[in-house]
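Welcome to a short set of exercises on reading a protein model. Take a look at the sequence and the structure, then work through each task before you read its solution.

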Amino acid sequence: MSYTPIPIDRETLTIMDVPFPSLEVWESAAFAIGSNMFEGYEPTRRGIEIIRDYTLGKISLDTFIRAARDKAYAK
């Protein structure tokens, strides 16, 4: 597997066109996503939304884990 860059925009605080409410949340998500991409994770827009929502506390850890198990991020 090779690393494929994804569209990120620090000025508009978006990753794959998913908006983030603050630079702090954006940086946290970007770091986590980038690290996992080197391990083979292939992000999707839905996956970025799930990571954002977990980072913001909009979904619980259990919901986050369930989404990963069900591969909800691939949709």
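**Exercise 1.** How do the residues of the lining of the largest pocket divide into nonpolar, polar and charged?

*Solution.* Keep in mind that this is a predicted model.

- Step 1: list the lining. The largest pocket is lined by A32, I33, N36, Y41, G47, I50, I51, F64, A67, A68 and Y73.
- Step 2: sort by class. Glycine is counted as polar here, and the lining then gives 9 nonpolar, 2 polar and no charged residues.
- Step 3: add the setting. The volume of this largest pocket is about 210 Å³, and α1 (23–37), α2 (45–55) and α3 (61–69) each contribute at least two residues to its lining.

**Exercise 2.** Describe how α2 and α3 are arranged, and name the residues in contact.

*Solution.* Two packed helices are described by the angle between their axes and the distance between the axes.

- Step 1: find the geometry. The axes of α2 and α3 come within 10 Å and cross at roughly 165 degrees.
- Step 2: name the arrangement. Angles over 145 degrees count as roughly antiparallel, so α2 and α3 are roughly antiparallel to each other.
- Step 3: give the handedness. α2 passes α3 in a left-handed crossing.
- Step 4: name the contact. From α2 come I50, I51 and Y54, and from α3 come L61, F64 and A67. By class, this contact of α2 with α3 has 6 nonpolar, no polar and no charged residues.

**Exercise 3.** Now do the same for α1 and α2: which residues make the contact?

*Solution.*

- Step 1: find the geometry. α1 and α2 pack at an angle of about 130 degrees, and their axes are 10 Å apart.
- Step 2: name the arrangement. With that angle, α1 and α2 are therefore oblique to each other.
- Step 3: give the handedness. α1 and α2 have a right-handed crossing.
- Step 4: name the contact. V25, S28, A29 and I33 of α1 meet I48, I51 and T55 of α2. The contact of α1 with α2 has 5 nonpolar, 2 polar and no charged residues.

**Exercise 4.** Where does M16 lie, and which residues does M16 touch?

*Solution.*

- Step 1: place the residue. M16 sits in the loop between β2 (14–15) and β3 (18–19).
- Step 2: list the neighbours. Leaving out residues up to four places away in sequence, M16 touches I6, P7, P43, T44, R45 and I48.
- Step 3: compare sequence with space. M16 and P43 are 27 residues apart in sequence and 8.8 Å apart in space, C-alpha to C-alpha.

Definitions and conventions. Residues are numbered from 1 along each chain as its sequence is written. This is a predicted model: local features need pLDDT of at least 70, side-chain atom pairs count only at pLDDT 80 or more; totals for chains, interfaces and linings use all residues. Side-chain values use heavy atoms; hydrogens and water are left out. On a 1 Å grid over the protein atoms alone, a cavity is a set of points where a 1.4 Å probe fits but cannot get out, and a pocket is an open set with protein on both sides within 12 Å along at least five of seven lines; lining residues have an atom within 4 Å of a point. Grid points are joined across faces, edges and corners, and a volume is the space filled by probe spheres set on the points. Helices (H or I, at least four residues) and strands (E, at least two) are DSSP runs, numbered from the N terminus. Axes are lines fitted to C-alpha atoms, for helices over the stretch in contact, and angles run from 0 to 180 degrees between N-to-C directions. Angles under 35 degrees count as roughly parallel, over 145 as roughly antiparallel, 65 to 115 as roughly perpendicular and the rest as oblique. A crossing is left-handed if the near helix is turned anticlockwise from the far one by less than a right angle, and right-handed if clockwise. Contact means heavy atoms within 4.5 Å.
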